[in-house]
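Trainee: I am new to this structure and would be grateful for a guided introduction. May I put my questions one at a time?

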Amino acid sequence: DAGIPIDTPIPSLSLRNATLRAHARRARNRTRHGAPHEVREDRTSSAGHVGTGVFLFVGRNSRSSKIFTYTFTYLIQVMSPSPPWSRWCTWNVKGPHYVLRNVRVPVCTVSGAGDLEVDQDGLSFVDIEIRDGKITAVVPASSFSSALPEVDLDGGMCWPTFCDLHTHIDKGHTCERSRNISGSLAGADDSCAKDEKFWDREDVYRRMDFSLQCAYAHGTSAIRTHIMSGPVQSDIAWPVFKQLRDAWRGRVELQGVSLCILRFFRDEAAAAALADHVKAHGGVFGAAVSCTDRGGHADDVYTTCGEELPALLDTMFRLANERGLDLDFHVDENLNEVSKGLLHISKAAIRNNFKGQIVCGHCCSLSMQSPAELSRIFAAARQANVTVVSLPIVNQWLQNRDVRGLCTPTKRGVPTLKELDEAGIPVCLASDNTRDQFYGYGDLDMLEIFREGCRIGHLDRPIARWPLSITARPAQAMGLGEYHGRIAVGGKADLVIFRGRFYSEVLSRPQQDRLVLRDGRPLMVEVPDYRELDGKKGTAVGVRRGPMGD
């Protein structure tokens with residue numbers, strides 16, 4: 001291979017071609033993830049000009065067309081501009097030991113630091129010492145001197161990396177090819193079923209990997225995804241999940257949950273086969289309980305199942321107990337007072353002496369319960385050690401929607417978050433769906449989830465402990481260890497640093513210029529271009545022709 005030094009500006013290459021940009025970004029990300037690579041990059045200017053010390057290595061194939069392709073791709077790769085955070089943060093650290101000066105941290109996420117002074121929003125102004133990728137000290141700002149290199153963050157806020165407890169990345173990025181015309185939950189179920197015809201392993205891999213790239217770039221270090229587990233989609237999605245879990249290990253810890261309706265558990269042989277399948281893939285056992293628009297009513301034969309509900313739950317808990325599986329439910333995704341899936345699940349856990357982790361997602365119908373009924377449900381959920389995860393953006397989008405598109409919603413569609421927290425039940429926030437039939441938007445950015453959760457649920461008064469809802473609490477529910485999701489002395493320096501100094505700043509702008517540290521090193525990756533989803537079959541997210549997506 002020949003090493004060719006490149007030291008001149010090439011103004012004609014404006015990086016307007018999205019495909020070439022995508023190739024360049026993938027090459028750069030492979031380099032920075034530690035994968036085999038052809039480019040060694042020491043320095044590039046932010047003006048699209050390749051600086052000295054940058055070399056291009058051309059592949060062995062000597063055909064001119066191949067050489068041109070490789071050369072052009074990697075020219076663009078080394079010409080990429082500096083990361084957005086470099087506009088406000090001067091990173092002058094060369095080795096693995098340094099000090100982050102003048103950062104604000106949510107003190108609820110800090111462990112092993114001793115006493116810290118805390119302001120009215122639960123923030124503490126500190127310095128953080130990092131050695132060999134681990135946090136070795138968190139102390140009041142300017143309280144100690146050090147000979148180590150320093151990075152002054154000028155009061156910017158610093159969080160642990162995020163944990164996204166409830167997602168559906170197997171369905172992600174399908175909203176254009178199988179559109180939910182009404183925007184309702186029933187419309188989502190129908191259009192999601194129709195999307196199955198597009199699924200194959202290449203399609204699912206492409207979309208799931210794209211989602212993981214997005215989450216990783218935004219600062220997420222752990223994701224739990226529910227996986228469609230019907231007879232067709234299960235055979236496609238679970239092997240892809242296992243492949244991606246291995247590929248992303250160490251960057252994003254990926255967990256998978258089986259998703260099927262409660263009625264499925266009438267067939268105990270099929271249910272046992274699914275439990276074995278989940279166990280073989282290292283997954284979590286799950287189902288949808290009282291989770292349609294008619295959840296809790298007699299005519300919901302899919303997820304409520306009338307008088308059979310307790311027995312079907314007992315089947316689930318027995319299968320999970322026998323195999324040592326944790327449980328994760330979709331429950332009460334409606335605004336029906338009669339929908340009490342959370343209560344039934346909690347009672348089943350107690351009845352079956354279940355000792356594993358239980359997560360219940362959605363729980364929207366809690367907002368329709370009386371204070372006395374809430375007390376009864378909370379007491380059972382607390383005894384059963386249930387963790388509740390709310391999906392505030394998605395349920396705002398789906399719940400109380402007029403399928404005609406004529407009326408404005410009047411109900412929020414989120415559970416009683418503050419009351420759950422006050423009752424001692426761990427509460428988390430998560431992304432849920434992204435660009436699919438259940439929510440047509442989203443990018444797996446947990447800061448967006450936290451920001452909108454604060455606005456929708458009025459979590460900002462007081463806000464001090466709510467950062468736990470997207471960091472340490474979901475990490476604990478996922479069994480990731482005591483350090484994950486925390487700024488912990490002795491733990492990894494996996495951090496997300498914002499330019500914003502206070503919540504009024506951090507939650508007012510998207511903070512797309514955030515600095516993500518993994519093992520103490522700046523993360524030099526970008527969110528992928530949507531055009532990378534384009535596949536050979538038209539496009540993986542292709543727009544269907546017709547005036548209404550028909």
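The exchange below moves from the whole chain to single residues.

Trainee: What kind of model is this, and how many helices and strands does the protein chain have?

Mentor: The model is predicted. Its secondary structure is counted for the protein chain as a whole. The totals are 14 helices and 20 strands.

Trainee: Of the 550 residues of the protein chain, what percentage count as buried?

Mentor: A residue counts as buried when its relative accessible area is under 20%. Applied to the 550 residues of the protein chain, this cut-off gives a buried share of 55%.

Trainee: What share of the contacts with a separation of 6 or more is made by residues 24 or more positions apart?

Mentor: The contacts considered here are those in the protein chain with a separation of 6 or more. Within that set, residues 24 or more positions apart account for 78%.

Trainee: How are helix α7 and helix α8 oriented to each other?

Mentor: Two packed helices are described by the angle between their axes and the distance between the axes. Helix α7 covers residues 309-323 and helix α8 covers residues 341-351; their axes lie 10 Å apart, at an angle of about 50 degrees. Angles under 35 degrees count as roughly parallel and those from 65 to 115 as roughly perpendicular. The angle falls in neither range, and therefore α7 is described, relative to α8, as oblique.

Trainee: Which hand does the crossing of α7 and α8 have, and which residues make the contact?

Mentor: The crossing of α7 and α8 is right-handed. From α8, the contact uses His344, Ile345, Ala348, Ala349 and Arg351. From α7, the residues are Leu309, Pro310, Leu313, Asp314 and Phe317.

Trainee: By class, how many residues of each kind are in the contact of α7 with α8?

Mentor: The classes are nonpolar, polar and charged. In the contact of α7 with α8, the count is seven nonpolar, one polar and two charged residues.

Trainee: Is leucine 309 buried or exposed, and which residues does leucine 309 touch?

Mentor: Leucine 309 is found in helix α7. Its relative accessible area is 4%, so leucine 309 is buried. The C-alpha atoms of leucine 309 and glycine 341 are separated by 9.0 Å, although these positions lie 32 residues apart in chain numbering. Leaving aside residues up to four places away in sequence, leucine 309 touches Leu262, Val289, Thr304 and His344.

Trainee: Where is serine 390 placed, and which residues does serine 390 touch?

Mentor: Serine 390 belongs to strand β15, residues 386-390. With a relative accessible area of 1%, serine 390 is buried. Not counting residues up to four places away in sequence, serine 390 touches Val414, Pro415, Leu417, Cys428, Leu429 and Ala430.

Trainee: Cysteine 363 and asparagine 385 each have a positive phi; which of these residues is buried and which is exposed?

Mentor: Phi is near 55 degrees in cysteine 363 and near 60 degrees in asparagine 385. Cysteine 363 is placed in the loop between β14 and α9, whereas asparagine 385 is placed in the loop between α9 and β15. The relative accessible area of asparagine 385 is 57%, so asparagine 385 is exposed. At 0% relative accessibility, the buried residue is cysteine 363.

Trainee: Which residues does the cis peptide bond join?

Mentor: The bond has an omega of about -5 degrees. Its proline is placed in the loop between α12 and α13. The residues joined are arginine 461 and proline 462.

Trainee: Which residue forms a salt bridge with glutamate 452?

Mentor: The partner lies in helix α12 together with glutamate 452, three residues apart, about one turn of the helix. The closest N and O atoms of the pair are 2.9 Å apart. The partner has a relative accessible area of 45% and is therefore partly exposed. It is arginine 455.

Trainee: How far apart are the closest N and O atoms of arginine 501 and glutamate 505?

Mentor: Arginine 501 is partly exposed at 35% relative accessible area, and glutamate 505 is partly exposed at 24%. These two residues form a salt bridge, and their closest N and O atoms are separated by 2.6 Å.

Trainee: Which residues do salt bridges that share partners join into one network?

Mentor: The network comprises Glu268, Asp276, Arg318, Glu322 and Arg323.

How values were computed: Residues are numbered from 1 along each chain as its sequence is written. This is a predicted model: local features need pLDDT of at least 70, side-chain atom pairs count only at pLDDT 80 or more; totals for chains, interfaces and linings use all residues. Side-chain values use heavy atoms; hydrogens and water are left out. Helices (H or I, at least four residues) and strands (E, at least two) are DSSP runs, numbered from the N terminus. Buried means under 20% relative accessible area, exposed over 50%, partly exposed in between (1.4 Å probe, protein chains only). Contact means heavy atoms within 4.5 Å. Axes are lines fitted to C-alpha atoms, for helices over the stretch in contact, and angles run from 0 to 180 degrees between N-to-C directions. Angles under 35 degrees count as roughly parallel, over 145 as roughly antiparallel, 65 to 115 as roughly perpendicular and the rest as oblique. A crossing is left-handed if the near helix is turned anticlockwise from the far one by less than a right angle, and right-handed if clockwise. Ala, Val, Leu, Ile, Met, Phe, Trp, Tyr, Cys and Pro count as nonpolar, Asp, Glu, Lys and Arg as charged, and the others, Gly among them, as polar. A salt bridge is a side-chain nitrogen of Lys or Arg within 4 Å of a carboxyl oxygen of Asp or Glu.
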